[in-house]
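Biologist: I'm new to reading models like this one. Please take me through one part of the surface slowly, and set it in the whole protein as you go.

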Amino acid sequence: PQTGNMPSLLLYSAYLCTCMEDRGWSFIISLCMQFLGGIQLVSIEQLAEGLAQIAFSGTMGRLVDLRSE
């Protein structure tokens, strides 16, 4: 590849690795929660995670935007 495309390739590779790692942890946490407390515990954990993302994603986005200015 051309040298100008190398930073983009590295960025996309890092993003792919991060996404795969996040999915892997989510899968493992679900298996552990199933082992410890059954499907109800998995559902509660997923609900809490989703609500936390809804509650804090806007605030985190604003903080990132302030830092990038």
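Modeller: Sure, let's begin with the whole surface. The protein has an accessible surface of about 6,200 Å², and carbon and sulfur atoms account for 70% of that (areas come from the Shrake-Rupley method with a 1.4 Å probe, and for residues only the protein chains shown count as cover). Keep in mind that this is a predicted model, where local features need pLDDT of at least 70 and side-chain atom pairs count only at pLDDT 80 or more, while totals for chains, interfaces and linings use all residues. Residues are numbered from 1 along each chain as its sequence is written, and side-chain values use heavy atoms, with hydrogens and water left out.

Now for the part to zoom in on. Trp25, Phe27, Ile28, Ile29 and Leu31 make up a nonpolar patch on the surface, and together they offer about 510 Å² of accessible area. A patch takes residues with over 30% relative accessible area and no salt bridge, joining like charges within 9 Å and nonpolar side chains (Val, Leu, Ile, Met, Phe, Trp, Tyr) within 5 Å. A salt bridge, in turn, is a side-chain nitrogen of Lys or Arg within 4 Å of a carboxyl oxygen of Asp or Glu.

Look at two of those patch members up close. Isoleucine 28 sits in helix α1, which covers residues 6–37 (helices are DSSP runs of H or I with at least four residues, strands are runs of E with at least two, and both are numbered from the N terminus). Because its relative accessibility is 40%, isoleucine 28 counts as partly exposed; buried would be under 20% and exposed over 50%, with a 1.4 Å probe and protein chains only. Isoleucine 29 is in helix α1 too, and its 35% makes it partly exposed. From isoleucine 29 to threonine 18, which is 11 residues away along the chain, the C-alpha distance is 17 Å.

Cysteine 32 also belongs to helix α1, and it is partly exposed because its relative accessibility is 41%. Its C-alpha atom is 18 Å from that of glycine 50, 18 residues apart along the chain.

What about the helix that carries all this? The 32 residues of α1 should span 46 Å, and the end C-alpha atoms are indeed 46 Å apart, so the two agree; the expected span is 1.5 Å times one less than the number of residues. After α1 comes glycine 38, with a positive phi near 90°.

Zooming back out, the protein has two helices and zero strands. Helix α2, residues 39–68, has a kink of about 40° centred on phenylalanine 56, where the bend is the angle between axes fitted to the seven residues ending there and the seven starting there. Along its principal axes, the C-alpha trace spans about 50 × 30 × 10 Å. Buried residues are 6% of the 69.
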